[in-house]
Number of protein chains: 2
Amino acid sequence: MEIDLGQGRSTDQVRPHNLSMVLRYLHLAGPLSRAALTQRTELSRSTVATLVAELTERGLVVEGPPRSPSGPGRPSPEVRLADDGPVVLAVEVGVDSLAVAIVGLGGDVRSQVRVDRERSPVAAREVVAEVHRIGGPLLDAQPAPLVAIGVSIVGVVRRTDGLVRIAPNLGWRDEPLGELVAEAFGADVPVLVGNDADLGALAEHQRGAGVGLDDFVFLCGEVGVGGGVIMDGRPLRGADGYSGEVGHVAVNPDGRPCRCGSRGCLETEVGEPALLRAAGVDPTRGGREAVDEVLHAAARGDERAVRALREIGGWLGIGVAGIVNIFNPRRVVLGGYFADIFRYVDDQIGGALNSRALPATGASVEVVASRLGAQALLLGAAELAFAPLLADPTLFPGVPTETRRAG
Amino acid sequence: MEIDLGQGRSTDQVRPHNLSMVLRYLHLAGPLSRAALTQRTELSRSTVATLVAELTERGLVVEGPPRSPSGPGRPSPEVRLADDGPVVLAVEVGVDSLAVAIVGLGGDVRSQVRVDRERSPVAAREVVAEVHRIGGPLLDAQPAPLVAIGVSIVGVVRRTDGLVRIAPNLGWRDEPLGELVAEAFGADVPVLVGNDADLGALAEHQRGAGVGLDDFVFLCGEVGVGGGVIMDGRPLRGADGYSGEVGHVAVNPDGRPCRCGSRGCLETEVGEPALLRAAGVDPTRGGREAVDEVLHAAARGDERAVRALREIGGWLGIGVAGIVNIFNPRRVVLGGYFADIFRYVDDQIGGALNSRALPATGASVEVVASRLGAQALLLGAAELAFAPLLADPTLFPGVPTETRRAG
């Protein structure tokens, strides 16, 4: 195969790169003075002024006196995201619910609707129709320009085209979800689809328990177990976008058959049904209520519930230790129902790290619960949708200006 | 923690970036005409001419008529690495041997010495003295300027400073190998230390079974089992540089105790001692000869040897399937003794991928034997040592020009 190192860099690429950096600072850190932007980007004051002027011109940011008082002397003007700037539609297709939200830059959730769904196989087209039913009115009610739609799906997604290869809990195989969503919304904006755990990792990295960390793993427990991995500050993707599927690491070769065709995968040993089964709750009931029941029972000292949590904690510990050995993350963030059971299994995970992780990796990792909770996936879908614009702010405005709200 | 997106880009950084790219093309692809460089870098002809002139001026490349005839018309001058350009000293500290080599850009091994060593714990200082004893004369005998020393070590290395955290087969814990080597050679050049499997992955990526692939895993079996991972074209490092230690993924929770303190790690089930034990060969003997004995016996149809290989193949398959699920690589490259046993276990690995890998990931991966064999680690150590110069060719010449050989 031919060596491909990519293309050389021309001076034309410097400005878009720096525009992107300034916009991303405001997107992630909130309002900043020009002085702070100058300091963070290590660019000259005049360069920063030019960049801010261009972003203002494009309707992405505004400048004004600082909203909160600063130190003595003449205050440096504060740069912040424009209130009437672009928005995205974030969609979350989960096992128990569907959710949609209108999100602006800065992770600003303008409006949101979540509806429960039956935990049973369903046609992709039906799900998309329901997403449109609840998402359409939100879109109609908001005046800001829509630039993209981001979709989080509880399944394995091919990164090149958003094809859902498999979503076992929905009964899907090879569903062109991105296309279906674009069709339903008649959208002339890009539709981007991502795996839920990958998007959870992205959101926790930018606004949750992974802020400031270059290397961490988001491990999400629901019916299935998903993983999203950030390494060296970037999402780990793999050849087709399926990297980080740690739910199907074998932890127990003699364990239960897994829906993936293997047996004893982490997912089969620590997914929600495994907890419910161990606790004597009908696993087909499922859902947050059923998990809460087990947690309440454990809090009351119910022996079977406590034993069930210990069993899950043991396997989860083996899984986390393996993940720590493989990735050497600074932190493992437990999301989904793992966040709820964390205080019951914290010690066991620590014990497994002591006995099963390599000393060097085990000593430098911290295991914590998700900080964004149920919002992680919608926020991650919004980040996915905003990524092209953040990478190149000159893409905006890409819609006729007359359709934008008068400033 | 504060958001840190790094600094903005200035036009001053464009030239070093492009110099680096041109040099890396020559380093990896061999001699190229200016026309080919122009095409690959997508820079203008005049920019490429300027870049080549600077690299020539620095003594890194030379231009001349093409060594092999090209098509009709006036031949474009061929740019190639200078014969008297910089070299590095590559060092490999293995379980059974020590090796040193003088390597030029382009992976050009100028001279090399390998000596056997006893498979027993040994002080780091003694190993370094031996490395100096065999490496010193090689250095004295070569006239090219030395720019760095790269060391491959069969252990876990902290990336920030080259501290060997643990090398169980040498009996080391927290040995400052980089410092010791620098001291022994009285070197005023950087000494860089890397984990053997990580360096094997680097070498296979640049010159072996991973060329042209952005996503692959190098899985190396010796006494221990190491992993090196390339994702998105870059080595996976993790928070401290320990990422990819797939040898300590649990494949058999009830398996044998592992030297790492855990039990049933991939390494305990498929490392060289496991094969020898299963085949009835004294595992303390170890080494390539003992493995060859098992392979010869299997070739003769010896039942115990065949059964031993099947046992190893079974666990290796589980391990490879797990690695494939976790990383979604395009290829898994088996190195070390795994390359030797590959044709005996190929089917079993394929079977495990069918039954245990997710369909999407399992279908898109290929498992192959290492292409560089025993040279992988030395070449990887050389790549590690050359990395700073390749990233910024303006670092060279960094030694007084009078110490360089007259061109």
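# A tour of the two-chain model

Begin by selecting Pro397(A), which is placed in the segment after α13 (376–391) of chain A. This is a predicted model, and in it the peptide bond that leads from Phe396(A) to Pro397(A) is cis, with omega near -5°. Move to the other chain and select Pro397(B), which is found in the segment after α13 (376–391) of chain B; here too the bond, from Phe396(B) to Pro397(B), is cis, with omega near -5°.

**Chain A as a whole**

Next, show chain A alone as a cartoon, where the secondary structure comes to 13 helices and 16 strands. The radius of gyration of chain A is 23 Å, close to the 22 Å that the globule rule gives for 407 residues, so the chain is as compact as a globular protein of that length. Along the principal axes, the C-alpha trace of chain A spans about 65 × 55 × 50 Å. If you colour chain A by burial, 52% of its 407 residues count as buried. Among the contacts in chain A between residues at least 6 apart in sequence, 66% join residues at least 24 apart.

**The five-stranded sheet of chain A**

Now select β14, β13, β12, β15 and β16 of chain A, which in that order form an open sheet of five strands with mixed pairing. The edges are held by β14 and β16 (366–369) of chain A, each with a single partner strand, so one side of each is left without a neighbour in the sheet. Within the sheet, look at β12 (residues 216–221) and β15 (residues 331–336) of chain A, which pair in the parallel sense over six bridges. To find a position in this pairing, select Val217(A), which stands opposite Val332(A) in β15(A). Then add helix α11 (residues 337–356) of chain A, which lies across β12, β15 and β16 of chain A and runs at about 135° to β15(A).

A further stop in chain A is Asp232(A), found in the loop between β13 (225–231) and β14 (234–235). Asp232(A) has a positive phi of about 55° although it is not a glycine, and, with 16 other C-beta atoms within 10 Å, this residue is partly exposed.

**Val332 and Asn328 in chain B**

Cross to chain B and select Val332(B), which has its place in strand β15 (residues 331–336). Val332(B) counts as buried, with 24 C-beta neighbours inside 10 Å. Showing its surroundings brings up contacts with Phe216(B), Val217(B), Leu219(B), Val320(B), Ile323(B), Val324(B), Val365(B) and Val367(B), when residues up to four places away in sequence are not counted. For one of these, Val367(B), the C-alpha atom is separated from that of Val332(B) by 4.7 Å, although the two residues are 35 residues apart along the chain.

Select Asn328(B) next, in the loop between α10 and β15 of chain B. Asn328(B) has a positive phi of about 50° although it is not a glycine, and this residue counts as buried, with 29 C-beta neighbours inside 10 Å.

**The three-stranded sheet of chain B**

Now select β1, β3 and β2 of chain B, which in that order make up an open sheet of three strands with antiparallel pairing. β1 (32–33) and β2 (61–64) of chain B stand at the edges, each with a single partner strand, so one side of each is left without a neighbour in the sheet. β2(B) is joined by four bridges to the antiparallel strand β3 (residues 78–81) of chain B, and in β3(B) the bridge partner of Glu63(B) is Val79(B). Helix α1(B) packs on this sheet, touching β1, β2 and β3 of chain B, and its direction makes about 80° with that of β3(B).

**Where the chains meet**

Finally, show both chains and select the interface, in which 62 residues of chain B are in contact with 61 residues of chain A. On the chain B side, α1 (14–29), β9 (164–167), α10 (303–327), α11 (337–356) and α12 (359–363) each supply at least two residues. The largest share of that side, eight residues, comes from α1(B). Coloured by residue class, the side of chain B that touches chain A divides into 29 nonpolar, 21 polar and 12 charged residues.

To see how the copies are related, superpose chain B on chain A, which takes a rotation of 180° with 0.0 Å of shift along its axis and gives an RMSD of 0.0 Å. The two copies are thus related as by a two-fold rotation axis. The same surface serves both copies, since 98% of the contact residues of chain B recur in chain A.

Technical notes. Residues numbered from 1 in each chain as written. Chains lettered and ligands numbered in written order. Predicted model: local features only at pLDDT ≥ 70, side-chain atom pairs only at ≥ 80, totals over all residues. Contact = placed C-beta atoms within 7 Å. Nonpolar A, V, L, I, M, F, W, Y, C, P; charged D, E, K, R; others polar. Least-squares fit on C-alpha atoms with pLDDT ≥ 70 in both. Pairing = 2+ DSSP bridges. Axes fitted to C-alpha atoms, helices over the stretch in contact; angles between N-to-C directions. Buried ≥ 20, exposed ≤ 12 C-beta atoms within 10 Å, placed from the backbone. Rg over C-alpha atoms; globule rule 2.2 N^0.38 Å.
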